[in-house]
Amino acid sequence: MSGPVLEVRGLEKHYGTVHALRGIDLSIDEGAIYGFLGPNGAGKTTTIRIIAGLIQATAGSVALGGIDLREDRIRAATGLRTLVEVPSFYPAMSGRTNLKLFARLAKADPKDVDRLLDAVGLTHAADRAVGGYSLGMRQRLGIAQALVGKPRLVVLDEPMNGLDPAAMHEMRRLIREERDQRGVTFFLSSHLLHDVELLCDEVGIIHEGRMVAEGRLKTLLSQAISGFRITTVNNEAAATALRADRMDLKPRLDPDGALLIDGDETTLPYLHRTLVDAGTPAIEIIPLRESLERYFLDKTEGVMG
Ligand code: ATP
């Protein structure tokens, strides 16, 4: 298949007087693990509910594998699995029976069910009625269900909700494995920045119904240089020279005696020139990058301010 697995263009949503989405654009390529980030009320669930076909957008389009959702819902949604909020199951039936029924409906290999129950750590409870499962167990079963067969795109709304740290770790492993071994593409929303940083290779940040940043995580973070750690022939003299000229770079020495300054890639030419002019040329310059958390806060507060 060529082109993006999921393409969202100009998505708008009004709930009465609430303007929840204000023109969302996003695009996900096959094999990506895409993290959809945003503070509370930003519009993540609304976007996912529209993609899942649970609610209608006020304007804009959603295309899955190049097929517009409104034009041909059935064909567009082939191979799409969504898990939004707490998944529902037949409470009197066991986890295994629920998944086997689902596999039959999805025309998937029922053997897949045991592999997935094991992968989400539910083998021990697989024959118990789902009505007695905890929230975290239902969440795991929901994720297993979303992976039955060979879905093309799995959309998960806050998949780590209700999971303990060990289960989160397992879930990350499972998602990576499904992508690497079976080519499944993932679109998942999360508040958990650390988790997204560990798991996703692409991110979109949404704030007040607008995308404020989108791209490969590595690229976004490499744009997010916040300063430099510099070693020169004489770091103290270099700090004095910079301080005399540009206090805004906040030249300072760290406990190891290295010179630290604030700044981004646009600071580099000035930095080189000034250090050479001061007779303290740089021997090493290491960029200091922002964490995803810092980047996220900058992006979301920037729009508010
Ligand atoms: P959270 O991280 O808190 O789940 P979110 O990013 O998923 O937030 P949404 O649930 O999509 O955000 O909400 C976006 C905006 O739309 C919010 O202002 C919310 O109050 C509003 N909203 C969502 N659902 C409805 C609804 N059914 N009726 C009215 N307003 C709604």
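Reader: Of the contacts in the chain with a separation of 6 or more, what share comes from residues 24 or more positions apart?
Author: Bear in mind that this is a predicted model. Contact here means heavy atoms within 4.5 Å. Counting the pairs with a separation of 6 or more, residues 24 or more positions apart account for 69%.

Reader: How is the chain divided, and how far apart do the C-alpha centres of its domains lie?
Author: Domain 1 takes in residues 6-220 and domain 2 residues 225-289. The C-alpha atoms of the chain fill a box of roughly 75 × 45 × 35 Å along the principal axes. Between the C-alpha centres of domain 1 and domain 2, the distance is 45 Å.

Reader: What part of the chain's residues is buried?
Author: The chain has 11 helices and 14 strands, and its accessible surface comes to about 14,600 Å². Carbon and sulfur atoms hold 52% of that surface. A residue counts as buried under 20% relative accessible area. Of the 305 residues in the chain, the buried ones make up 48%.

Reader: Is helix 1 mostly covered or mostly open, and which of its residues are buried?
Author: Helix 1 spans residues 44-51 and is mostly covered, with 6 of its 8 residues buried. After the helix comes Gly53, which has a positive phi, near 80°. As for the buried residues of helix 1, they are Lys44, Thr46, Thr47, Ile48, Ile50 and Ile51.

Reader: Which polar side-chain atom lies 2.5 Å from an oxygen atom of the ligand?
Author: Let's go through some polar contacts. Ala42 uses a backbone N or O atom, 3.1 Å from a ligand oxygen. Thr45 brings an N or O atom of its side chain to 2.8 Å from an oxygen of the ligand. The polar side-chain atom at 2.5 Å belongs to Thr46.

Reader: And how much of the ligand's accessible area does the protein cover?
Author: On its own, the ligand has 630 Å² of accessible area. The protein covers a share of that equal to 58%.

Reader: Which element gives the largest share of the shell around the ligand?
Author: The shell includes Tyr15, Val18, Ala20, Lys44, Thr45, Thr46 and His191. It divides into 5 nonpolar, 6 polar and 1 charged residue. Two elements, strand 2 (18-28) and helix 1, give two or more residues each. The largest share, 3 residues, comes from helix 1.

Conventions
Residues are numbered from 1 along each chain as its sequence is written. This is a predicted model: local features need pLDDT of at least 70, side-chain atom pairs count only at pLDDT 80 or more; totals for chains, interfaces and linings use all residues. Side-chain values use heavy atoms; hydrogens and water are left out. Domain bounds come from an automatic or database domain assignment. Buried means under 20% relative accessible area, exposed over 50%, partly exposed in between (1.4 Å probe, protein chains only). Helices (H or I, at least four residues) and strands (E, at least two) are DSSP runs, numbered from the N terminus. A residue is near a molecule or strand if one of its heavy atoms lies within 4 Å of it. A polar contact is a pair of N or O atoms within 3.5 Å; within protein, one must be able to donate a hydrogen and the other to accept it, and residues adjacent in sequence count only if both atoms are side-chain atoms. Accessible areas come from the Shrake-Rupley method with a 1.4 Å probe; for residues, only the protein chains shown count as cover. Ala, Val, Leu, Ile, Met, Phe, Trp, Tyr, Cys and Pro count as nonpolar, Asp, Glu, Lys and Arg as charged, and the others, Gly among them, as polar.
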